[in-house]
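Work through the exercises below with the model open. Try each task before reading its solution.

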Amino acid sequence: MRLREAIRLSGFLYRELVYLRMVSTRANVDMARLRRGVRWASINYALVSAIMTAMLALSSISPLLPLIWPPQDTAGGVELVDALRASGLVSTAMLFTFSFMLCASASWLLQEYELLKPLMHLPLKHGDIRLLAFITASKEVLPFLLVPAIHGITLMLVVGLPAPALIGASYGYASIFLALGASFSLSATVSRRHSGRSLRARLARAVSTLTFVLCMASTFILSQMVSLITRLVSQISKFIGPFSSLLWLIYPFSAAEGLIMALSPTSLIPASALAAAYLLASLLAFDRGFMRFWRGSISPIYVGVGEAREVRIRPPSKLTMSPCFGVLLKDLKMAYRDPRTAYMLFTPILTFLSFFPALIEDAKAAIMLLNTAFLASSLMLTMASYQLLVAEGNSFWLLFANGIRKKDLISAKALTCTLSYAALAIPIGALAWLLLGPLDMLLNATSSVLLSFAASSICLAYLARYVGPETKMAKMGLKDLLVILLLWGIIVGPYALVALIIGPLQASLIAIADLGIALIVLSTLH
Amino acid sequence: MPAEVLARARDVRKSYGVVKALDGVSLELREGEILGLLGPNGSGKTTLIKILMGFIRPDSGYVEVLGMDPYDNPDVRARIGYVPEELALYNSLTPKELFDLVARIRRLEPAAYARRLDLLVSSLGLKDRMDDLIGSLSRGNKQKVAVILALLHEPDILLLDEPIVGLDPAVARIFKELLYEMRDRGCAIMFSTHILEVAEAICDRIIIMHKGKVVAEGAVEDILKLAAREKTLEEVFLEVTGKAHEVYEVIKALRGEA
């Protein structure tokens with residue numbers, strides 16, 4: 001297949017990707033808007049690509065610009081070494097991050113919706129389909145290939161030497177290929193679902209779930225890394241003493257240090273060799289990652305692990321035979337096995353993680369921060385309970401055909417959120433009580449669990465009118481979102497006020513009252 | 001003594017915009033009978049089954065299932081088994097976990113449920129797939145899961161929308177036996193199908209629908225007598241749905257006889 005033909009054919013797959021992104025990220029999709037969005041996909045792509053490429057190129061060269069056009073009104077000039085270091089780091093970090101984000105999203109959708117499978121029935125060679133898959137998944141990243149070239153040319157203009165330009169461009173391309181390889185590999189890992197009870201199957205499921213949660217948390221983790229890294233580097237430097245100079249070997253610092261080393265003839269050869277080695281390694285990583293992605297794309301998403309074997313049917317325990325317990329158990333299992341369906345359940349963990357560095361830095365602020373996290377979690381869990389409704393997808397018929405009552409359905413969803421949150425909040429509250437002193441923290445943690453249940457149940461009771469056996473997907477509009485935020489405010493507001501003005505013990509009474517109101521609301525549902 | 005009528009629809013109408021899905025449909029489903037619902041695509045079979053399930057409210061007409069209006073009394077579903085045309089099951093659960101979920105929603109007695117499940121999964125050949133994720137099952141095995149879900153609680157009424165799709169001949173034969181067993185115990189069974197041989201072989205009575213209307217109704221032999229020339233149900237089906245001429249013209253064209 002010619003490249004031109006492949007690019008034309010990949011346009012169809014890309015339109016499908018645009019369609020899937022639109023329907024999966026918006027609660028209420030207007031059909032006319034959807035049609036327009038898909039029809040204008042290629043024009044949007046061209047515009048967005050041009051803007052993003054320009055933005056990345058500008059970010060990469062912006063530290064160098066004062067050296068080309070020195071500012072008139074500033075007293076001190078810009079040091080060449082500082083400018084090179086900043087430019088190298090910004091270029092590699094931004095190219096890696098943006099390439100990873102865009103390619104991960106596209107490749108994951110390609111696998112999740114098995115978009116390549118229909119092509120397998122057409123008279124196309126595997127090599128052709130592989131090319132189509134690559135172009136479609138990396139279509140949004142391919143224009144970024146211009147950025148390292150622009151960066152290299154600018155470096156050439158600033159330094160007047162070819163070596164820093166080549167090293168800079170080389171690290172740019174290495175970042176792009178590394179990001180592509182990582183995103184392809186990642187989507188191959190998280191898209192597969194493993195069947196069976198064997199240890200191997202359990203481990204495979206655990207790895208998939210953990211990878212997804214870590215990816216979701218990557219923004220939080222990266223932001224924490226940035227704030228911790230300077231302290232970490234200084235601590236390591238102190239610890240390893242003379243060996244701290246070896247930092248130039250480690251990517252992405254090597255990109256910055258390599259540019260500086262290329263200025264001196266003595267250090268030019270090791271810097272160039274290292275740049276070439278990283279480029280080669282990134283190409284290998286890309287090749288490995290893409291081949292994993294490709295193999296995953298043409299094989300079933302659900303993977304059977306181990307031989308089929310007969311199962312002895314045991315009756316479930318009498319104590320568990322209630323609709324609410326049934327749905328609760330189902331939701332917990334599904335959320336763990338397929339965290340895409342309920343990723344909001346994990347957000348409280350991320351909230352506490354994001355406060356972690358601040359807790360270490362300032363123990364006095366810890367109490368305030370933890371209380372904020374407890375309150376924020378109740379809002380997140382309200383949204384998580386809505387997400388659990390959405391996760392039913394088009395399977396509502398199954399629950400209603402078997403006679404579930406909305407009361408049981410809503411209670412189960414609210415309980416799923418509350419119990420998974422309680423497993424996190426109560427230990428944190430207890431730990432804070434032990435470490436920071438006052439019992440208030442444990443009290444606040446318990447109150448936030450009660451508030452989460454109350455807010456989730458009341459908000460879901462409001463949304464329950466949209467749900468029935470014919471519901472294909474639980475959706476809420478902007479008005480519903482505002483109502484839910486208002487309801488959350490009404491439930492949590494008095495608690496927060498009392499906690500601030502009077503104290504946590506009195507506030508916990510408000511949380512108990514909220515719980516009572518929630519139970520009354522639930523009892524009115526049928 | 002005539003068999004008791006367990007479900008009844010009288011002059012039921014339902015429209016989706018300008019499309020009339022049901023246009024004055026009346027029928028009765030009696031205790032201990034298997035009623036076949038035949039009709040071309042879009043004839044209103046699925047809409048009729050969903051109305052009997054109480055999933056959708058008809059625009060007009062009267063519907064009664066086990067003495068109640070199913071839309072206003074969803075509790076009646078406790079005594080109905082249902083297999084939908086489009087299967088949407090939970091792909092991340094195993095069949096066993098899904099059966100347990102339904103047993104909990106229906107509050108079945110655990111020991112009786114386990115015995116019944118064992119019989120059904122053994123009969124339909126699903127026992128070695130009970131620990132697989134539903135997403136990894138074949139279309140036929142997913143259909144078995146849906147059929148077992150409908151039979152698990154020994155319902156009084158079974159409403160089955162294309163239940164044989166995806167089942168291999170051996171399993172379809174066993175499924176038919178299970179239906180006979182249910183019928184003999186007094187269960188009223190309505191099932192829609194496109195496979196006319198199956199309808200002819202197992203149904204006590206047949207209703208043929210076309211464009212939202214009942215165009216033929218009666219015992220299989222009565223239906224076959226509708227037109228003296230016709231010998232098979234397929235020919236009667238094509239005749240009463242007005243498709244015969246159209247279909248024969250296409251066949252002639254395909255054979256190059258046009």
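**Exercise 1: Two positive phi angles**

Asp11(B) is partly exposed, as 13 other C-beta atoms lie within 10 Å. The scale: a residue is buried with 20 or more other C-beta atoms within 10 Å of its own, exposed with 12 or fewer, and partly exposed in between, the C-beta atoms being placed from the backbone. The model is predicted: local features need pLDDT of at least 70, side-chain atom pairs count only at pLDDT 80 or more, and totals for chains, interfaces and linings use all residues. Residues are numbered from 1 along each chain as its sequence is written, and chains are lettered from A and ligands numbered from 1 in the order in which they are written.

Task: find the backbone setting of Asp11(B), then do likewise for Glu154(B).

Solution.
- Step 1. Asp11(B) lies in strand β1 of chain B. Strands (E, at least two residues) and helices (H or I, at least four) are DSSP runs, numbered from the N terminus.
- Step 2. Asp11(B) is not a glycine, yet its phi is positive, about 50 degrees.
- Step 3. Glu154(B) sits in the loop between α4 (139–151) and β6 (157–161) of chain B.
- Step 4. Glu154(B), also not a glycine, has a positive phi of about 50 degrees.
- Step 5. Glu154(B) counts as partly exposed because it has 13 C-beta neighbours inside 10 Å.

**Exercise 2: The sheet of chain B**

Task: give the strand order of the open sheet in chain B, and state what packs on the sheet.

Solution.
- Step 1. The open sheet has three strands in the order β2-β1-β4 (chain B), paired antiparallel. Two strands pair if DSSP finds at least two bridges between them.
- Step 2. β2 (19–30) and β4 (60–65) of chain B are the edge strands, each pairing on one side only.
- Step 3. From one strand to the next, the twist averages 15 degrees.
- Step 4. Strand β1 (residues 5–16) of chain B runs antiparallel to β4(B), and five bridges join them. Arg10(B) has Tyr62(B) as its bridge partner in β4(B).
- Step 5. Helix α1 (residues 45–53) of chain B packs on the sheet and touches β1, β2 and β4 of chain B. The direction of α1 makes about 120 degrees with that of β1(B).

**Exercise 3: A helix pair in chain A**

Task: describe how α12(A) and α13(A) pack.

Solution.
- Step 1. Two packed helices are described by the angle between their axes and the distance between the axes.
- Step 2. For α12 (residues 253–261) and α13 (residues 265–297) of chain A, the angle is about 145 degrees and the axes are 8 Å apart. Axes are lines fitted to C-alpha atoms, for helices over the stretch in contact; angles run from 0 to 180 degrees between N-to-C directions.
- Step 3. Ser254(A), Gly258(A) and Met261(A) in α12(A) meet residues of α13(A), including Leu268(A), Ala271(A) and Tyr278(A). Contact requires C-beta atoms, placed from the backbone, within 7 Å.
- Step 4. The residues of this contact are six nonpolar, three polar and no charged. Ala, Val, Leu, Ile, Met, Phe, Trp, Tyr, Cys and Pro count as nonpolar, Asp, Glu, Lys and Arg as charged, and the others, Gly among them, as polar.

**Exercise 4: The interface**

Task: how many residues of chain B are in contact with chain A?

Solution.
- Step 1. 39 residues of chain B are in contact with 40 residues of chain A.
- Step 2. α2 (95–105) and α3 (110–124) of chain B are the elements giving two or more residues to this side of chain B. The largest share, eight residues, comes from α2(B).
- Step 3. That side divides into 22 nonpolar, three polar and 14 charged residues.
- Step 4. The model scores ipTM 0.87 and pTM 0.75.

Methods. Contact = placed C-beta atoms within 7 Å.
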